[in-house]
Amino acid sequence: MEKKNIDWENIGFGYMETDKRYVANYKDGKWDGGALIDDANITMNECAGVLQYAQTIFEGLKAYTTEDGRIVTFRPDLNAARMADSAKRLEMPVFPEERFVEAVVETVKANAAYVPPYGSGATLYIRPYMFGMNPVIGVKPADEYQFRVFTTPVGPYFKGGAKPITICVSDFDRAAPHGTGHIKAGLNYAMSLHAIVTAHANGFDENMYLDSATRTKVEETGGANFIFVTKDNKIVTPHSETILPSITRRSIMYVAEHYLGLEVEERDVYFDEVKDFAECGLCGTAAVISPVGKVVDHGEEICFPSGMEKMGPVTQKLYETLTGIQMGRIKAPEDWIKVIG
Ligand code: PLP
Ligand code: COI
C-alpha cells in the first residue's frame, strides 16, 4: 500500500480528512450492521439531541507503525469499555465493545495509507464517538443514535514536542463531585474552552484543575492526567472519582512498576506537595507524556528541578518504555497491542 504524500515530520495535532469512516445507527432499540462510508459530513435534524443538549461522548486512541512495519493500536478494548461507561452515564445505548474494536480496526485498515511511517514522530489518531440524532426538545435522552469512527494523522499535541510546558492553576472547575468528570463526554470539554482560552491568553500552555469541592487537591488538565516523580523516584498519580481514568496513565503506572521496578502510588495529591516533586508530566493519548517544567499559581511559580529544557530522567525512561511498547521495540504485556495489519 502506498502512503499518502504528507509531510509527516511537520504535522501538528489537527484534523485532516481521510478516505473512510465507520458509521452505525441505533434505531428502534437496536444497532444496524454498520459500514464504512466516504462522506465526512453529517446531515441531521435541527433539533437533534446532540445539538440541543450535548448528548455526545467520544474516545481517542492511536494507530502506530511498528519498527517491523506492522500497523497496531494500543489497548482498544479499554477505550471500548470506557465508552460503554460514558454511554451509560449519559443514558445512551452501549455500542457493543467487541464491535467497537472491530470498527476501529476496519477504519484504520481502510485508511492505512494515512498511518504515518515508523520514526516520523506522527501517528494516526482514531476518534470513535456517538451522539443523539433524533429531535429532542423536552430535556430527555434521544431515541436514535449514531456511532462513528474517523481517523486523522497527527503530530505532537503540544507545539514544542518533548519540551517542558508551563501550566497554571485554573480558577475554573472542570468537574463537580458526583458529576461527569470521569467520563469522556463532549460537555466536559465545552465547559473547559473558556478556561483554556484564558490560560493561553495569559501565556500558559494548559490548566491544572484542582478538585472543585475543596480546591486543595490536584485533579488533571483539560485533556490529560498527571504523573509526578518524587525526589526518591517514586511515581505518584492523583486518585480521584472526578478525573478521566486515562489509559495512558494506567499503562504508565504498570510500566513503572513492572518494567522499571519503581514504586507507584495512586492517591490524593495535595497542591501543597507539588513543590516537593522532582518531575511532573501530563499523560494521555494525545499528550503521550508531556513534561511540565513549571506550575504557576496566581503569580507564584513552582519550578521543577528537571528544568525547562528537557524531560526529567525518570519521565524520559517512562516515555521511552511506553512508546517502545507502542512501536514494537519493547515486548508488550499480553493483550496490550492489537495488530491491524
Ligand atoms: N484526561 C482527559 C480529560 C482526557 O481528555 C484524556 C484524553 O483522552 C485523558 C485524561 C487521557 O486519557 P487516555 O490516556 O485514555 O487518552
Ligand atoms: C486524547 O488524548 O485522546 C484526548 O482526547 C485529549 C484531547 C484531544 C481531548
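Strand S7 (123–132) gives the largest share of the lining of the largest pocket, 4 residues. That makes a good place to begin a tour of this structure, which is a predicted model. The volume of the largest pocket is about 1,000 Å³. Its lining is made up of 48 residues, and those lying nearest the centre are Phe13, Arg127, Tyr157, Tyr189 and Gly223. Besides S7, the elements that give two or more residues to this lining include strand S4 (56–58), strand S8, helix H4 (186–190) and helix H5 (193–201). Strand S10 (206–208), helix H6 (247–258) and strand S14 (279–284) are also among them. Sorted by class, the lining of the largest pocket holds 23 nonpolar, 16 polar and 9 charged residues.

The second largest pocket comes next, with a volume of about 610 Å³. It is lined by 39 residues, and Gly121, Val288, Tyr319, Thr323 and Met327 are the ones nearest its centre. Four elements appear in the list of those giving two or more residues to this lining: strand S5 (61–65), H6, strand S15 (288–297) and helix H7. Of these, H7 supplies the largest share, 5 residues. By class, the lining of the second largest pocket divides into 21 nonpolar, 15 polar and 3 charged residues.

Helix H7 deserves a visit of its own. This helix covers residues 313–326, 14 residues in length, and spans 20 Å from its first C-alpha to its last. That span is close to the 20 Å expected at 1.5 Å a residue. Which residues of H7 are buried? They are Val314, Thr315, Leu318, Thr321, Leu322, Thr323, Gly324, Ile325 and Gln326. One of these, Thr323, also lies among the residues nearest the centre of the second largest pocket. A general point helps when reading such a list: an α-helix has 3.6 residues a turn, so residues three or four places apart point the same way. Just after H7, Gly328 takes a positive phi of about 80°.

Enclosed space was searched for as well. The whole structure has 1 cavity of 30 Å³ or more, and the volume of this largest cavity is about 30 Å³. Its lining consists of Ala80, Met83, Ala84, Ala87, Pro93, Val94, Phe95, Phe100 and Met130. Helix H2 (76–89) gives the largest share of that lining, 4 residues. What classes of residue are found there? The lining of the largest cavity has 9 nonpolar residues, with no polar and no charged ones.

Two of the cavity-lining residues, Phe95 and Phe100, lead on to the aromatic rings. As a general guide, a pair of aromatic rings is described by the distance of the centres and the angle of the planes. The whole structure contains 18 aromatic pairs. In one of them, Tyr15 and Phe150 meet edge-to-face, at 5.5 Å centre to centre and with 90° between the planes. This pair links distant parts of the chain, 135 residues apart: Tyr15 belongs to the segment before strand S1 (21–27), while Phe150 sits in strand S8 (residues 145–154). Another edge-to-face pair is formed by Trp31 and Phe95, with 4.9 Å centre to centre and 90° between the planes. Trp31 lies in strand S2 (residues 30–31) and Phe95 in the loop between H2 and helix H3 (97–110), so this pair ties together parts that are 64 residues apart in sequence. Trp31 is buried, at a relative accessible area of 15%, and Phe95 is buried too, at 4%. Ring pairs also join Trp31 and Phe95 with Tyr22, Tyr26, Phe100, Tyr145 and Phe147 into a cluster.

The cysteines complete this part of the picture. In general terms, a disulfide is a covalent bond between the sulfur atoms of two cysteines. How many disulfides does the model contain? The count comes to 0. Why does Cys280 have no such bond? The closest cysteine sulfur, in Cys283, is 9.7 Å from the sulfur of Cys280, too far for a bond. Cys280 is buried, at 2% relative accessibility, and Cys47 is buried as well, at 15%.

One last stop is Gly299, in the loop between S15 and strand S16 (300–303). Is Gly299 buried or exposed? Its relative accessible area is 66%, and Gly299 is therefore exposed. Gly299 and Cys168 are 131 residues apart in sequence, yet their C-alpha atoms are 9.1 Å apart in space.

Terms used. Residues numbered from 1 in each chain as written. Chains lettered and ligands numbered in written order. Predicted model: local features only at pLDDT ≥ 70, side-chain atom pairs only at ≥ 80, totals over all residues. Heavy atoms only, no water. Phe/Tyr/Trp six-rings, centres within 6.5 Å; stacked < 30°, edge-to-face > 60°. Buried < 20%, exposed > 50% of the residue type's maximum accessible area, 1.4 Å probe, protein only. Disulfide = S-S within 2.5 Å. Expected span 1.5 Å × (residues − 1). 1 Å grid on protein atoms, 1.4 Å probe; cavity = no way out; pocket = protein on both sides within 12 Å on 5 of 7 lines; lining within 4 Å. Points joined across faces, edges and corners; volume = space filled by probe spheres on them. Nonpolar A, V, L, I, M, F, W, Y, C, P; charged D, E, K, R; others polar.
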